[in-house]
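Here is a briefing on one protein chain, arranged by topic for a reader who is new to structures. Please keep the sequence and the model in view while reading.

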Amino acid sequence: MSLHDIRLFMSQMTHEISSEYARLQARVREDPGTAGSQGEETWAQLLRRWVPSGYHVVTGGRVIDTDGNTSPQVDVLILHPSYPPGLLEIKHYLASAVIAAFECKLTLTRAHIKKSSLCAALLEEMMLREGRPPGEFFYGVLAHSHSWNQRSNPAYRVHQALSDYGEEFTKRPGQCIDALCVADLGAWLANMTIMQGEVELCHLGPLESLVPKGASKPWNSRSTPEPITRTIAHLLGRIGDNQNGVDRVANYLRKIGSIGTEAGVTRVFEGLAADEIPRYAIDISNLMDDAETAG
């Protein structure tokens, strides 16, 4: 079955990023700082092509709350359309108006996932202190490539790191990394459901994520959407849920298969208060009750 024309168009982004990676890698040894900055700008330009007009996509800065506390350095940020243009050059961005933040890497490592897991938790706590609903803020990691060799099953290594550092730093579901995209490997997207008051968090990623090193895989996942396509569709869905105005595009991308169906391991959060549960979490309790009744 051929891909939808829009998905074919979006898949070109993966080829663009791959070409960019080869060029930037050639410059890393002589000027790593410039190569890193160019990589961040590449991701910023891509996001500008897909987020609704009016949103500001900026590079390099920190998030600042009303008490003057600042976050760690963030590579790319998406700001609400209401953000004052006169403050865009200050590089300290108001926490109340930051829609999303991304860490950008040319070559992703396990240490990067650890740092990003901690940063995601710190930024979510900052947003909660500012009075924002849990999970309204979106945190992602964008990488051109990765540091693992193919024999070690890189997708499984990413899944392992997300799981290990999620256990260490994600104490409430809204503190998690919302999307981790490696352009030449896969995308891991946070999916959240509610079952009888318990919140279930799962990072849905490539099927290879669940295959330990050295094990053979009895499937072919090449038909799943490209990592960047999945990440863009997921981001627009979250912006639509939280900020309104983007739902139609996000739903369209879902219908043409841009999110895809992939796999992950569920982590359960128990005993959460209602105001600790991200509002984009889907309550499936009634669906299960209906299914049992029908059965």
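A residue counts as buried when its relative accessible area is under 20%, as exposed when that area is over 50%, and as partly exposed in between. Lys91, for instance, is partly exposed because its relative accessible area is 32%. The model is predicted, and every value below was computed from it. The chain has 295 residues, of which 50% count as buried, and its secondary structure comes to seven helices and ten strands. Among the contacts with a separation of 6 or more, 72% join residues that are 24 or more positions apart.

**Nonpolar cores**

- The largest nonpolar core holds 34 residues, and the members that touch the most others are Leu77, Leu108, Ile113, Tyr139 and Leu180.
- At least two residues of this core come from each of several elements, including strand S1 (56-64), strand S2 (74-79), helix H3 (110-129) and helix H4 (154-169).
- Another core, of 33 residues, lies apart from the largest one, and its members include Tyr55, Ala179, Ala183 and Leu235.
- When residues up to four places away in sequence are left out, Ile113 touches Leu108, Trp148, Val158, Ala161, Leu162, Tyr165, Ile177 and Leu180.

**Two buried polar residues**

- Ser145 lies in strand S5, and this serine counts as buried because its relative accessible area is 6%.
- The side chain of Ser145 makes a polar contact of 2.6 Å with the side chain of Asp184, and Asp184 also appears among the residues that Ser145 touches beyond four places in sequence, together with Tyr21, Leu106, Thr107, Leu108 and Val182.
- Glu20 lies in helix H1 (residues 5-28), and this glutamate counts as buried because its relative accessibility is 14%.
- A polar contact of 2.7 Å joins the side chain of Glu20 to that of Thr42, while the contacts of Glu20 beyond four places in sequence are with Gln38, Thr42 and His144.
- Glu20 and Leu106 are 86 residues apart in sequence, and their C-alpha atoms are 9.7 Å apart in space.

**Salt bridges and other side-chain pairs**

- How many salt bridges does a search of the whole structure find? The search finds twelve, and three of them are described in the points that follow.
- Asp65 and Arg129 meet through their side chains in a salt bridge, at 3.7 Å from N to O, and this pair links distant parts of the chain, since Asp65 is in the loop between S1 and S2 whereas Arg129 is in helix H3, 64 residues apart.
- The partners differ in their surroundings: Asp65 counts as buried because its relative accessibility is 6%, whereas Arg129 counts as exposed because its relative accessibility is 53%.
- A salt bridge of 3.9 Å, N to O, also joins the side chains of Glu103 and Lys115; because Glu103 lies in strand S4 and Lys115 in helix H3, the pair ties together parts that are twelve residues apart in sequence.
- Glu103 counts as buried, because its relative accessibility is 5%.
- In the salt bridge between Glu167 and Arg267, the closest N and O atoms are 3.8 Å apart; Glu167 lies in helix H4 and Arg267 in strand S9 (residues 266-269), so this pair ties together parts that are 100 residues apart in sequence.
- Glu167 counts as partly exposed, because its relative accessibility is 46%.
- Glu103, Lys105 and Lys115 are joined into one network by salt bridges that share partners.
- Arg238 lies over the face of Tyr280, at 3.8 Å from the ring centre, and the count of aromatic pairs in the structure comes to three.

**Backbone angles**

- Most residues other than glycine have a negative phi.
- Which sign does phi have in Lys91? Phi of Lys91 is positive, near 70 degrees, in a residue other than glycine, and Lys91 lies in the loop between S2 and strand S3 (92-94).
- Asn153 also has a positive phi, of about 60 degrees, although this residue is not a glycine, and the place of Asn153 is in the loop between S5 and H4.
- Asn153 counts as buried, because its relative accessibility is 14%.

Terms used. Residues are numbered from 1 along each chain as its sequence is written. This is a predicted model: local features need pLDDT of at least 70, side-chain atom pairs count only at pLDDT 80 or more; totals for chains, interfaces and linings use all residues. Side-chain values use heavy atoms; hydrogens and water are left out. A nonpolar core is a set of buried Ala, Val, Leu, Ile, Met, Phe, Trp, Tyr and Cys residues joined through side-chain atoms within 4.5 Å. Buried means under 20% relative accessible area, exposed over 50%, partly exposed in between (1.4 Å probe, protein chains only). Helices (H or I, at least four residues) and strands (E, at least two) are DSSP runs, numbered from the N terminus. Contact means heavy atoms within 4.5 Å. Rings of Phe, Tyr and Trp (its six-membered ring) pair if their centres lie within 6.5 Å; planes under 30 degrees apart count as stacked, over 60 as edge-to-face and the rest as tilted. A charge sits over a ring if NZ of Lys or CZ of Arg is within 6 Å of the ring centre and within 35 degrees of the ring normal. A polar contact is a pair of N or O atoms within 3.5 Å; within protein, one must be able to donate a hydrogen and the other to accept it, and residues adjacent in sequence count only if both atoms are side-chain atoms. A salt bridge is a side-chain nitrogen of Lys or Arg within 4 Å of a carboxyl oxygen of Asp or Glu.
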